[in-house]
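Me: Before I rely on the labels attached to this model, I would like to see how each of them is justified.

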Amino acid sequence: MYRFLLSRQWVILTLVGLALIPVMIKLGYWQFHRHEHKVAQNQLIARSLAADPVPVTSLTAPGRELPRRDMWRTVSATGTYDTAHEVVVRQRTAADEQSIGYYVVTPLLLGNGEAVLVNRGWISAGNDLTRFPDVPAAPRGKVTVTGRMMADETTAASGIKDTKGLPARQVMLINSKEQAKRAGRPMLGGYIEQTGPEPSGNIPELVPEPDHDSIGPHMAYAIQWWLFAAAVPVGWIVLVRRERRDRVTAAAEQAGQTREDEADGVARDGGRTAEPAGSGEAEPAGSGETEAAGDHAAPAPAKP
């Protein structure tokens, strides 16, 4: 009763199921690896934020890419702001994660001929995106800035397209190499996301601390994919058993109908066969012959 599995429909269904199982398992592991990455990143952020501040020059140097292990480390830098080469970064979100505006990025001159980029925070975009916005002035004189050390932004890492032809002093990415070309001086790799001194008055809104508590839904997605993979063979077996049961039921009904048709046919055939013998009243045997004989019998001879 399982010969139906060799039909075209069932062969295609079986092959599709066999192809889906490894795909779903792989998707589950993909989500699981994303979960592991998120957990590891949360641990790295927590350790980095809890570490003691270090001088920015101890973590980076001009042209150096910031290692991942040094991301979010608290650093300090002392110098004077170079507002002449200040830029704003377009399409950035405020702390409420709804308002779109600019990040204000200003080079901090360290006194040794080098500079480091400082993301001073977020400001509203205003109504005219074609001109440089009104930016709160940076502190004058020598200042000491503390903040989180961040790696240079790239399109590959951030997914943000580095659009060209923007208005003057507007950029899409915070990148020390690009700003070193603009300013004509060496820039330390990466940039500082300012956390101190605390804002007072009309200054940019500081970037909030990154979330390192949420692990996201990736583990739940991984389990879902693996459950889907396990459900494929189970569903296949259920469908096979249902198909077999339906075929057995259909065969039994067909056999019963065939027996009923044969019985009806026999009954009809038997009725037609018995009708001539039983139709009308039976005449006494020989009655017809006697009458015929009587009609043609010779008269009895007369007595003398």
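**Strands, burial and cores**

Reply: Let us begin with the strands of this predicted model: strand β1 (residues 54-55) pairs with β2 in the parallel sense, over two bridges.

Me: What makes β1 and β2 a pair?

Reply: Two strands count as paired when there are at least two bridges between them, and β1 and β2 have two bridges, so the definition is met. In one part of this pairing, V54 has V75 of β2 as its bridge partner.

Me: How do you know that β2 pairs with β6 and with β4, and in which sense?

Reply: With strand β6 (residues 143-150), β2 forms six bridges in the antiparallel sense, and T78 has T144 in β6 as its bridge partner. With strand β4 (residues 100-109), β2 forms two bridges, again in the antiparallel sense, and Y81 stands opposite L108 of β4. The requirement is at least two bridges, so both count as pairs.

Me: Where does E86 lie, and why is this residue called buried?

Reply: E86 lies in the loop between β2 (74-81) and β3 (87-93). Its relative accessible area is 6%, and buried means under 20%, so E86 is called buried because its value falls under that cut-off.

Me: Which residues are in contact with E86, leaving aside its neighbours within four places in sequence?

Reply: E86 is in contact with V104, V105, T106, P107, R120, F132, V135 and R169; contact here requires heavy atoms within 4.5 Å.

Me: How much of the chain counts as buried?

Reply: Of its 304 residues, 32% count as buried. The chain exposes about 19400 Å², of which carbon and sulfur atoms supply 56%.

Me: What makes a group of residues a nonpolar core, and which residues touch the most other members of the largest one?

Reply: The members must be buried residues of the listed nonpolar kinds, joined through side-chain atoms within 4.5 Å. The largest such core has 37 residues, and V56, L108, V116 and I192 touch the most other members. Elements that each supply at least two residues of this core include α1 (8-50), β2, β6 and β8 (187-196), while β5 gives the most, with five residues. A second, separate core of seven residues includes Y102, V104, A125 and F132.

Me: Which residues does I192 touch, not counting those up to four places away in sequence?

Reply: I192 touches several residues, among them V56, V75, A77, V116 and T146.

Definitions and conventions: Residues numbered from 1 in each chain as written. Predicted model: local features only at pLDDT ≥ 70, side-chain atom pairs only at ≥ 80, totals over all residues. Heavy atoms only, no water. Helix = DSSP H or I, 4+ residues; strand = E, 2+ residues; numbered from the N terminus. Buried < 20%, exposed > 50% of the residue type's maximum accessible area, 1.4 Å probe, protein only. Areas by Shrake-Rupley, 256 points an atom, 1.4 Å probe, with all protein chains shown as cover.
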